[in-house]
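Hi everyone, thanks for making time. I'll walk you through a structure that is probably new to most of you, so let's get it on the screen.

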Amino acid sequence: VVQAEKALTHADWTVVLGGSSVATFKKDEVIIEQGKVNKRMFMLTTGRVRIEKQEQSKAIVLKVIEKSPKKKDEDPVVFGELSIIMSDNRPTVSCV
């Protein structure tokens, strides 16, 4: 998970968001699956995402990220970016 505003310039965001679309996910819906090819990154605009690692058929929650629509001054939160730059595009965690 990256504090995106600190990592990208305004010009960078213009390029990234130029090809973006809005997606809505239901509670407990898998957004990125550990070990499954992922070629997308996501920006959390509102809601909650659990970062989980599957170990011995048990999901271990590593982190929970949240974004409130009431706090517009919060930094954007991006996830999934590492799996798109990895050579095999396979994330090491799930995002739910």
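A quick word on labels before I start: helices, of at least four residues, and strands, of at least two, are DSSP runs, numbered from the N terminus. Also, please keep in mind that this is a predicted model.

Okay, let's begin with a loop. Between helix H2, residues 10-18, and strand E2, residues 42-44, you'll find Asp-28. Asp-28 isn't a glycine, yet its phi is positive, about 70°. Why point that out? Because most residues other than glycine have a negative phi. As for its surroundings, Asp-28 is partly exposed, with a relative accessible area of 48%.

There's another residue like that. Asn-89 also has a positive phi, about 55°, without being a glycine. Look for Asn-89 in the loop that runs from helix H3 (81-85) to strand E6 (94-95). So is Asn-89 buried or exposed? The relative accessible area is 15%, and since anything under 20% counts as buried, Asn-89 is buried.

Who are the neighbours of Asn-89? Leaving aside residues up to four places away in sequence, Asn-89 touches Lys-36, Val-37, Asn-38, Lys-39, Ser-83 and Ile-84. With one of those, Ser-83, there's a polar contact: the Asn-89 side chain reaches the backbone oxygen of Ser-83 at 3.2 Å.

Next, the sheet. Three strands make an open sheet, in the order E4-E3-E6, and the pairing is antiparallel. Strand E4, residues 58-67, and E6 are the edge strands, each pairing on one side only. How many bridges join E3 to E6? Two, with the strands running antiparallel. If you want a spot to zoom in on, Ile-51 stands opposite Cys-95 in E6.

Last topic: the largest pocket. Its volume is about 900 Å³. Around it there are 30 lining residues, and those that lie nearest the centre are Ala-23, Phe-25, Phe-42, Met-43 and Leu-44. Which elements give two or more residues to this lining? That would be H2, E2 and strand E3, residues 47-55. E3 provides the largest share, with four residues. And if you sort the lining by class, you get 15 nonpolar, seven polar and eight charged residues.

So E3 comes up in two places today: in the sheet, between E4 and E6, and in the lining of the largest pocket. That's it from me, happy to rotate the view if anyone wants another look.

How values were computed. Residues are numbered from 1 along each chain as its sequence is written. This is a predicted model: local features need pLDDT of at least 70, side-chain atom pairs count only at pLDDT 80 or more; totals for chains, interfaces and linings use all residues. Side-chain values use heavy atoms; hydrogens and water are left out. Buried means under 20% relative accessible area, exposed over 50%, partly exposed in between (1.4 Å probe, protein chains only). On a 1 Å grid over the protein atoms alone, a cavity is a set of points where a 1.4 Å probe fits but cannot get out, and a pocket is an open set with protein on both sides within 12 Å along at least five of seven lines; lining residues have an atom within 4 Å of a point. Grid points are joined across faces, edges and corners, and a volume is the space filled by probe spheres set on the points. Ala, Val, Leu, Ile, Met, Phe, Trp, Tyr, Cys and Pro count as nonpolar, Asp, Glu, Lys and Arg as charged, and the others, Gly among them, as polar. A polar contact is a pair of N or O atoms within 3.5 Å; within protein, one must be able to donate a hydrogen and the other to accept it, and residues adjacent in sequence count only if both atoms are side-chain atoms. Contact means heavy atoms within 4.5 Å. Two strands pair if DSSP finds at least two bridges between them.
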